[in-house]
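This report goes through a protein chain step by step, from its overall make-up to single side chains. Keep the sequence and the 3D view open while reading.

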Amino acid sequence: MLMTATTADDVELSFRDSGGADPVPVILVHGMGGDSHTWDRFARTLVGRGRRVITLDLRGHGRSAHAPSYLFPQFGDDLLHLCDHLRLERVDLVGHSLGGHTASLVAQARPDLVRRLVLEEAPLPLRTGETLGRMSSRLPTPVELWHAVTGVIRHPRAVLAFDRSMTRSALAQFREPNPVWWQNLSGITAPTLVISGGPGGMVDPDRLAAAAAAIPRCEAITIKVGHSVHRDRPNQFEAAVTAFLAD
């Protein structure tokens, strides 16, 4: 069912809720430039296993409203606001790319809320004194280019609705060191699964190792396919994540 909620700064968010009696819903958070439809297959899998699934369009994406500002903490606050709007006491969070970073902010801010955390190819902020490295300038893989083209055909709304003004803001934020984010990783209490796409992905391996070591209960796996693991290797992604969420 398609519904809306209004954030603390009056941005209207669109979300879908499968409903059901599951006391711990799974919230799926898409990456930059996409929308909630990227999760359609995985959402069906989870619903088929009896899970309540909530998918949202982040501010500036899909059916959600454009916003005057796209600071990363605002994305985290939006997700927290949605949880409060739905009166959710415990959730599992699964986030891809920007959605993964958003999920990590929620797990840092409200560790009591998050039961399980899955971060798929979530960009990791720079540490103090660190340079961008090769991952920041890599070109899209042929598979990613193919899916970008076919994605426009399948879900043109995501492309047309995306507020491209956030791109510059997001890149600028990821190019600035964020020591607070790194310090707060130790406060994440949820068992965490970090999924990287290997050499074709966009996650720096050294930063990945450091982040996995900083999160108290963290497992890191690699599925060598590139940045969109859930889309390009759905069977492997679903096997790993459903097993993790079921523990």
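## Overall make-up

The chain has 10 helices and 8 strands. The model is predicted. Of its 247 residues, 53% count as buried.

The accessible surface of the chain comes to about 11,300 Å², and carbon and sulfur atoms account for 57% of that surface. Contacts can also be sorted by how far apart the two residues are in sequence. Among those between residues at least 6 apart, 79% join residues at least 24 apart.

## Two residues with positive phi

Most residues other than glycine have a negative phi. Which value does the phi of Ser97 take? The angle is near 55°, a positive value in a residue that is not glycine. Ser97 lies in the loop between β5 (91-96) and α3 (98-109). Its relative accessibility is 10%, and the cut-off for buried is under 20%, so Ser97 counts as buried.

Glu121 is not a glycine either, and its phi is positive at about 45°. This residue is found in the loop between β6 (114-120) and α4 (142-154). Is Glu121 buried or exposed? With a relative accessible area of 1%, Glu121 is buried.

## Aromatic rings

How many aromatic pairs does the structure hold? There are 6. One of them is formed by Trp39 and Phe42, with 6.3 Å from centre to centre and 50° between the planes. Planes under 30 degrees apart count as stacked and those over 60 as edge-to-face, so this pair, at 50°, is tilted. Both partners are buried: Trp39 has a relative accessibility of 0%, and Phe42 has 3%. Trp39 and Phe42 also belong to one aromatic cluster with Phe237.

Tyr70 and Phe75 form another of the pairs, with ring centres 6.2 Å apart. Why is this pair stacked? The planes of Tyr70 and Phe75 are at 25°, which is under 30 degrees, so the pair is stacked. Tyr70 counts as buried at 6% relative accessibility, and Phe75 counts as buried at 2%.

## Charges over rings

Aromatic rings also take part in arrangements with charged side chains. Arg116 lies over the face of Phe244, at 4.9 Å from the ring centre.

A second case involves Arg127 and Trp182. The charged end of Arg127 sits over the ring of Trp182, 5.3 Å from its centre.

## Arg59 and its polar contacts

Where does Arg59 lie? It is in the loop between β4 (53-57) and α2 (72-85). Although arginine is a charged residue type by name in many textbooks, the point to check here is its accessibility. Arg59 has a relative accessible area of 1%, so it is buried.

The side chain of Arg59 makes polar contacts with two other side chains. One contact, of 2.9 Å, joins Arg59 to the side chain of Asp9. The other, of 2.6 Å, joins Arg59 to the side chain of Asp78. To look at this group in the 3D view, start from Arg59 in its loop between β4 and α2, then find Asp9 and Asp78.

Notes
Residues are numbered from 1 along each chain as its sequence is written. This is a predicted model: local features need pLDDT of at least 70, side-chain atom pairs count only at pLDDT 80 or more; totals for chains, interfaces and linings use all residues. Side-chain values use heavy atoms; hydrogens and water are left out. Helices (H or I, at least four residues) and strands (E, at least two) are DSSP runs, numbered from the N terminus. Buried means under 20% relative accessible area, exposed over 50%, partly exposed in between (1.4 Å probe, protein chains only). Rings of Phe, Tyr and Trp (its six-membered ring) pair if their centres lie within 6.5 Å; planes under 30 degrees apart count as stacked, over 60 as edge-to-face and the rest as tilted. A charge sits over a ring if NZ of Lys or CZ of Arg is within 6 Å of the ring centre and within 35 degrees of the ring normal. A polar contact is a pair of N or O atoms within 3.5 Å; within protein, one must be able to donate a hydrogen and the other to accept it, and residues adjacent in sequence count only if both atoms are side-chain atoms. Contact means heavy atoms within 4.5 Å. Accessible areas come from the Shrake-Rupley method with a 1.4 Å probe; for residues, only the protein chains shown count as cover.
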